[in-house]
Amino acid sequence: MRIFKPDAQIQEAVRGQGINIAIGTMNDDLPTLANNPMSATTWVRTNIVPYMNNTLYEYLVVGNEVVPGNLGKYVAPAMLNLYKAIEPIGALSQLKITTTVPMSALGVSFPPSASNFANAAMSDMTAIIQALNSMQNGNSILMVNAYPYFAYASDTSHISKEYANTKSSAPGVVDGNLEYHSLIHAMLDAFYTALGKNGGSSLGVVVGETGWPSAGNGEITIPFLSVMYNSFFRYYILGSGTPMRPNNKLDGFVFEMFDENEKPGGVEQNFGLYRANMTPVYAFC
């Protein structure tokens, strides 16, 4: 389970439940965490230490989708300060420090082998890669939010529904000697390429968010397609590799637990497995 900011009620609820947790910092806290090491220490003592003995913390996500953007420059120093704050409490063997970036961090994403970071993101991504390389004994990861739905919805005439939603029989992309039958694989390999071109070839990639809305955009957003995509992601993408990195077993998170009825109308309200009243949108297991 991924929680986007510290929440004592949620953290108490998951204690001792055997649920692996990714916990995030609030984006607005990044400047303080970056510029004040004591603030990072206080954050860890407040939000990690009280729960760590019986909570399976797996990821600490330092900022969500702030690269490219004005807060991007704070991510790397905030990560390093939090790393130094966590190191003395002995949690680094289980907790990986990372950040989450959107597809817009890439300036070129097609074909995957030609990918690289956008000019607006390059400086911040270079600093983040350097920080990740200095932590976790070479076992660091970058979280990527990847949504084949949005790519498909923006270009249904050139992207097949099968290629975006699950797996196409014919390759959607042929890139050198690699064939891509699933759009999410192409998206993730685009990030592997960009990382490799900028000093991050040893870094892993984790899917920070992915999903398919169940309503909001006509016949391409129905519960059946949500079930198909999320089931495909769970059973065929997680635990497997990509064409470019077949031996790198993927981890990731389906977005999201609940519909968000307070978001603007349309697909953004309709990614949940459950409605706001806790009734299931569709059967998924």
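What follows is a chat between a colleague and a modeller about how the features of this predicted model get their labels.

Colleague: Let's begin with the sheet. What is the order of its strands, and how do they pair?

Modeller: It's an open sheet of 7 strands, ordered β1-β2-β3-β4-β7-β10-β11, and the pairing is parallel.

Colleague: What makes β1 and β11 the edges?

Modeller: β1 (2-3) and β11 each have a single partner strand, so one side of each has no neighbour in the sheet.

Colleague: And how do you know that β3 and β4 pair?

Modeller: Pairing takes at least two bridges between the strands. β3 (residues 56-64) and β4 have 4 bridges, in the parallel sense, so with the cut-off at two they count as a pair. One residue match to look up is N64, whose bridge partner in β4 is T100. Between those strands the chain goes through helix α4 (residues 75-86), in a right-handed β-α-β crossover.

Colleague: What joins β4 to β7?

Modeller: 3 bridges, with the strands running parallel. V101 has V144 as its bridge partner in β7. Helix α5 (residues 119-134) lies across both β4 and β7.

Colleague: What makes α5 roughly antiparallel to β4?

Modeller: Its angle to β4 is about 160°. Anything over 145 degrees counts as roughly antiparallel, so α5 gets that label.

Colleague: Why is the β10–β11 pair a pair, then?

Modeller: It has 2 bridges, and the strands run parallel. The requirement is at least two, so that is enough. T210 stands opposite V254 in β11. The chain gets from β10 to β11 (residues 252-254) through helix α9 (residues 223-237), and that β-α-β crossover is right-handed.

Colleague: How many bridges join β7 to β10?

Modeller: 5, again parallel. Among the residue matches, I141 has G204 as its bridge partner in β10, and N145 stands opposite E209.

Colleague: Why is β10 called largely enclosed?

Modeller: Because 7 of the 7 residues of β10 (residues 204-210) are buried. Strand β4 (residues 96-102) is mostly covered, with 6 of its 7 residues buried.

Colleague: Why is S214 called buried?

Modeller: Its relative accessible area is 8%. Buried means under 20%, so S214 qualifies. The residue lies in the loop between β10 and α9. Leaving aside neighbours within four places in sequence, its contacts are T221, I222, P223, S226, N270, V281 and Y282.

Colleague: And why is E65 only "partly exposed" while M278 is "exposed"?

Modeller: E65 comes out at 36% relative accessibility. That falls between the 20% and 50% limits, so "partly exposed" is the label. M278 has a relative accessible area of 61%, and being over 50% makes a residue exposed.

Colleague: What makes the phi values of those two worth a look?

Modeller: Phi of E65 is near 55°, a positive value in a residue other than glycine. M278 also has a positive phi, near 75°, and again is a residue other than glycine. E65 sits in the loop between β3 and α4, whereas M278 is in the segment after β11.

Colleague: How do you know where the cis peptide bonds are?

Modeller: Look at omega. For the bond joining V67 and P68, omega is about 0°, and that peptide is cis. P68 lies in the loop between β3 and α4. The bond joining F110 and P111 is cis too, with omega about -10°. P111 belongs to the loop between β5 (106-108) and β6 (116-117).

Colleague: Last one, on the helices. What makes α3 oblique to α4?

Modeller: Helix α3 (residues 37-47) and α4 pack at an angle of about 55°, with their axes 8 Å apart. That makes α3 oblique to α4, because roughly parallel needs an angle under 35 degrees and roughly perpendicular needs 65 to 115. Their crossing is right-handed.

Colleague: Which residues meet there?

Modeller: From α3, P37, A40, T41, W43 and V44; from α4, N81, L82, A85 and I86.

Technical notes:
Residues numbered from 1 in each chain as written. Predicted model: local features only at pLDDT ≥ 70, side-chain atom pairs only at ≥ 80, totals over all residues. Heavy atoms only, no water. Buried < 20%, exposed > 50% of the residue type's maximum accessible area, 1.4 Å probe, protein only. Right-handed = clockwise from strand over helix to strand, strands pointing away. Contact = heavy atoms within 4.5 Å. Axes fitted to C-alpha atoms, helices over the stretch in contact; angles between N-to-C directions. Left-handed = near helix turned anticlockwise from the far one by under 90°.
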